[in-house]
Every structure is written in C-alpha cells, then in structure tokens.
Amino acid sequence: MCNALRVAPRIGARLFKPACLAGTALLALTAAAHADVTLYEQNGVTLEGGLTAGLGAISVKNANLGAGVTTPSGKNQKDRNWVEGYVAPSLKLTYATESAGTLYSGVRAVSSGTGGDGDAGGFTQGRQGRTDLDNLYVGWKSGDLLSSLGKDAVDLAYGRQNFAIGDSFIIGDGTLDSQRQGSYWLGPRRGWNTGTAVAKFDIAPVHADLFRLKSDKNSNTDVIYGGNLEWRFGAEGKSSLGASYMRIDESKLATRKGMDIYNLRALGVAIPSVPGLTLSSEYVKEHNGRVGAQLDASAWYGEAAYTFADVAWTPRASYRYSQFSGDNPGTAKSEGFDPLHLGAPRWGTWLQGEINGQYFPTSNSNVKVQNVQFAVQPTETLTLTALLYDFRFDRKPAGVTSSHVGNEINLAADWAATPNLLVSAAVGQFFAGDGGKQLLRGNKDSTVFELAAIFTY
C-alpha cells in the first residue's frame, strides 16, 4: 500500500492519493508481465515489443524560496502541486545476416502530460500534454564480419536515438521534457532528434564514438559534431579513462553557436590496495571566439566512493566536490559555464538536489557544490539513499553580497516491487542561504515531496 499520505498529510494530499491508487493498479498488472517480449522470430528476423509507463506526484512548498512561480495568467503561486504521467510503447526489429552483420531499427513513442499546477520551475503548466516520437532509427552492427576486431566492433546508427558520454556530465539527454510535452520531472524522453548519426567502435579495451547530435527545440536545437575516445578496464569494463572533443555548429542560443568543448575524465577507477574504493573525476573546457558570443568557461569534479561489501546492507558512502565557473562582469567575454545536455542516470547525477538541480538557476552554473551521499540496501529490492549538499556561488552575481546559496537534504527510497515495477519516493528540503535569498528574492526554505511508479514490460 502506498503511504504517501502519511509522508505528506497536508501538502498536495489531493494529488498523492490518485498516485497511490495508480501505483497499486500498476502493481496488480505486473503479475504476468515479462520484459523484452519477442513478438516474432524466424529466419534471422526478430521483432520485439516493449512498454514503459510512469506516474508521478510532486509537491513543492515555497517554490523559489517563497518567491513563487508566475503562471501565464500572471498569478503567483508559492506552492505548486502537480501530477505527471506517460505511456511509451516501443518496437525493435533486427535482421541477422549470415556474413554481413546485423541490420536493426527501432521506434519509441511517448504520450505524456502534466496535471495540477505545473512544475515548480514553470517549465510546464497544468493541462499540458503531447504525443510524439522519442526514438526512430536504423542501424547496422558488424557482427562477425570483422572478427579480427571482435564481435560487433562497428555499430552505425542514424535517426532519433539515445546517446550519452561517460556519466552524462554534459552529454546525456537530447530532449528537455517541457512546455507542451509536460512530464518535466519524470522526463520520459531521452532521444536526440532527427538528423542524429552515431558511429561506435569497440575494439577492446578501446571504445570510440564519432557523432552528429541534434537536440530538440526545447533544448535550443543544437547541432553538435564530435568524437569520443575511451579506454575501458576493470571488472566488466566499468572503469574508464576518456577524452572527447565537440563543436556546436548550430544553436538557437547565441553563446552556443561556434562553441568548442574539450572533455577529460576518469570514471570508476578502482584502487587495488583499497578494495571497495573508487575514484572519479572530470574536466570540461568551453570556448567560443565568435564575435558577440565570446565564452571561456570550465567545470570539473572529483569524487571518492567506498562500498562496504562485507557489512550488512552493503553501505556505500561518497563525497564529491564540483565547481562550475561563473561570469566575471569585468570582462567582455562570458565565463559562465553552460551545463549543456546533462543527464541524470541516478539520484544526484547530474541534477544536484531535487530542488536546486531541478528548479534553481544555480543548477551546474556559477556554483561550487559539496555533496555527501550514503546508500544502503536492506533487501535485494529496496535501496535507501541520503544526499546532503552545500551550494556556494563561484562568483557572486550583481547585487548579491553572500556567496552561500544554501544547503539541501534529500532522502530517497527505491523499491523494485516486481521485476517490472519500480516505486520511488523522495523528500527534500532546501535551507536558504543569504546568497540564495538575494538571488531568488525569497526568504523561506523550500520543501519537496515526490512519488513515482515506473512500469516496464
């Protein structure tokens, strides 16, 4: 039984109740469900079908530290309560030849919407929704054709598709679910737009990508050319050293057109002398020399994580420091870091804070962030996570006298109710610092309650 009403008996209770009922209904549906359903398989041809559905209920008290959100009608709402939902059916078709590799294609549609007030950042309003394509692509894998290089050493794909680099620090999500699409918080769309082409090369332990990416119109319709090179090692290749270069050739955002991006990273590097310890770090340099759009910005982070493998509940603790440059008003160029197309593969990355990362302008730009995470797994199906943040300006904006943006705490629970149903709940509070109050023109702490059920078939 969903207990969100006990978690949030007052704030948004009318919205949490239908979410509980829907979550119960999803749970009942999973009894006979199986993932990766094969619809047809014969003579090398395989057709698979899938379905993902999600429902979320979110409540934010004192949006923008009490300054509120202004609706299109001019009304100011200090508290925002809303629900989001989506249904996303998909099909995948493959044809495995005897000697010329494998041809494949896929399509995924998303129908989503937002009800209630709309999100606490004003990206969506209530009664907004839309049905469109997230994925529509064709591709080819080399199979055993290039056996000396390894199976499927070459993978070429064109069309709407998912693509991420590393841990999605700057390249992870090609679609910003906002405006008429609704579902800003659930974010069911990930695909890069029509015109995207990706060539992947896997010659173990080396992995390389060449790509042309195009983001959706809500993400400024960026056209990005680039390459990525990685050396993957360790258990199952989960550790990597990588470098990439990208150039934004077209964009609706003036400072992005002509931008060069340089990226270095080391992810999940294990320390043999300290079993359970992994280190990660990443650096990004952004440069644009175009007249009227000069930019010289950077961002980096360092993280240490330790897993207590021999302790009950397998605790995992980590500390991360990240810094994203802010603009210096004394120069003609901009030094403000552009977070580009970041992704959020799990809690805390790279939307730092369920309040700050989702709704505040200090989300990965002009900010220094200290983050402590602690997670335990009481059972195989339940994970509990606590995240603590400290936010401070890299450069104090004009009119702001304090560098302290604020602190945030998030508590989250993820329950794999069945192999096909994930139920997640989170609560969070942002404790406003003087700098945050001056920036957002509010003087109160913000609170969030979140509940979601994701069904995958």
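**A buried serine, a nonpolar core and a surface patch**

With a relative accessibility of 0%, Ser215 counts as buried, since the term applies to residues under 20% relative accessible area. This value, like those that follow, was computed from a predicted model. Ser215 is located in the loop that runs between strand 10 (206-214) and strand 11 (223-233). Two polar contacts involve the side chain of Ser215. A polar atom of that side chain lies 3.0 Å from the backbone oxygen of Ser219, and the side chain also reaches the backbone nitrogen of Asp222 at 2.8 Å. When neighbours within four places in sequence are left aside, the residues in contact with Ser215 are Gly174, Trp192, Asn193, Asn220, Thr221, Asp222 and His341.

The largest nonpolar core comprises 54 residues, and those with the most contacts inside this core are Ile170, Ile171 and Tyr359. Strand 15 (residues 295-307) supplies the largest share of the core, namely four residues. For Tyr359, again leaving aside neighbours within four places in sequence, contacts are found with Ile58, Val60, Asn64, Trp82, Asp119, Ala120, Gly121, Tyr184, Trp185 and Glu354.

Nonpolar residues also occur at the surface, where Leu145, Leu146, Leu149 and Ile203 make a nonpolar patch of about 300 Å². Within this patch, Leu145 is placed in the loop between strand 7 (128-141) and strand 8 (154-160). Leu145 counts as partly exposed because its relative accessibility is 43%, a value that falls between the limits of 20% for buried and 50% for exposed residues.

How values were computed: Residues numbered from 1 in each chain as written. Predicted model: local features only at pLDDT ≥ 70, side-chain atom pairs only at ≥ 80, totals over all residues. Heavy atoms only, no water. Core = buried A, V, L, I, M, F, W, Y, C linked by side-chain atoms within 4.5 Å. Buried < 20%, exposed > 50% of the residue type's maximum accessible area, 1.4 Å probe, protein only. Helix = DSSP H or I, 4+ residues; strand = E, 2+ residues; numbered from the N terminus. Contact = heavy atoms within 4.5 Å. Patch = residues over 30% accessible without salt bridge, like charges linked within 9 Å, V, L, I, M, F, W, Y side chains within 5 Å. Areas by Shrake-Rupley, 256 points an atom, 1.4 Å probe, with all protein chains shown as cover. Salt bridge = Lys/Arg side-chain N within 4 Å of Asp/Glu carboxyl O. Polar contact = N/O pair within 3.5 Å; in protein donor to acceptor, adjacent residues only side chain to side chain.
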